[in-house]
Amino acid sequence: MSVRGTFSTSSLNCCGFRPGGRLGRHRHRGSVSGYVLEGSWRYLDYDWVGRAGDFVRESPGRTHTLYSENGMKTFFWLNGPLEFLDEEDRVIEVVDVFWFINHYESHCRQHGLKVNERLYL
Ligand SMILES: [Fe+2]
């Protein structure tokens with residue numbers, strides 16, 4: 001069987017952390033672009049600190065952990081899945097665009113909200 005067409009594994013999300021928030025150690029299978037809207041955050045693995053107005057790009061294959069001491073909001077454009085890793089770099093979970101869709105729709109169902117179908121254009 002052959003499959004034709006354009007495949008997109010991109011997703012956009014606005015990630016918000018409360019003070020002390022963290023996104024576990026993960027590796028990207030595709031590139032990521034981000035724009036810091038509020039607050040600040042950093043990677044536990046590097047010196048760089050992202051502050052409101054900063055742009056960030058993460059390359060495929062990079063592994064890191066995000067942390068925000070005082071809270072933040074960042075708009076991310078993810079290309080490809082994220083692999084969450086344990087302490088020995090074993091993949092423990094893969095999060096892709098379908099995971100985000102399921103997460104969003106589950107949240108809507110839980111809170112009696114209508115799913116915005118226009119998000120899937
Ligand atoms: Fe990342």
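Strand E3 (residues 32-43) and strand E5 (residues 55-58) pair in the antiparallel sense over four bridges; strands are DSSP runs of E of at least two residues, numbered from the N terminus, and two strands pair if DSSP finds at least two bridges between them. This is a predicted model, in which local features need pLDDT of at least 70, side-chain atom pairs count only at pLDDT 80 or more, and totals for chains, interfaces and linings use all residues. Residues are numbered from 1 along each chain as its sequence is written.

**Pairing of E3**

- Within the pairing of E3 with E5, tyrosine 35 stands opposite phenylalanine 55 of E5.
- E3 also runs antiparallel to strand E7 (residues 72-79), and seven bridges join the two.
- Valine 32 has leucine 78 of E7 opposite it.
- Strand E4 (residues 49-51) is another antiparallel partner of E3, with three bridges between them.
- Tryptophan 41 has glycine 50 in E4 as its bridge partner.
- The connection from E3 to E4 is a hairpin through five residues.
- Strand E6 (residues 63-68) is joined to E3 by two bridges, again in the antiparallel sense.
- Opposite arginine 42 stands tyrosine 67 of E6.

**Annotated span**

- UniProt, in an unreviewed entry, lists residues 17-82 as "domain: ChrR-like cupin"; UniProt positions are given in the numbering used here, feature names are shortened, and annotations may be inferred rather than shown by experiment.
- Residues 17-82 are 65% strand and 0% helix.
- The C-alpha atoms at the two ends of residues 17-82 lie 18 Å apart.

**Whole chain**

- The chain has nine strands and one helix, where a helix is a DSSP run of H or I of at least four residues.
- Read from the N terminus, the order of elements is β-β-β-β-β-β-β-β-β-α.
- Taken along the principal axes, the C-alpha atoms fill a box of roughly 45 × 35 × 25 Å.
- Of the 121 residues in the chain, 12% are buried; a residue is buried if 20 or more other C-beta atoms, placed from the backbone, lie within 10 Å of its own.
- Among contacts in the chain with a separation of 6 or more, 71% are between residues 24 or more positions apart; two residues are in contact if their C-beta atoms, placed from the backbone, lie within 7 Å.
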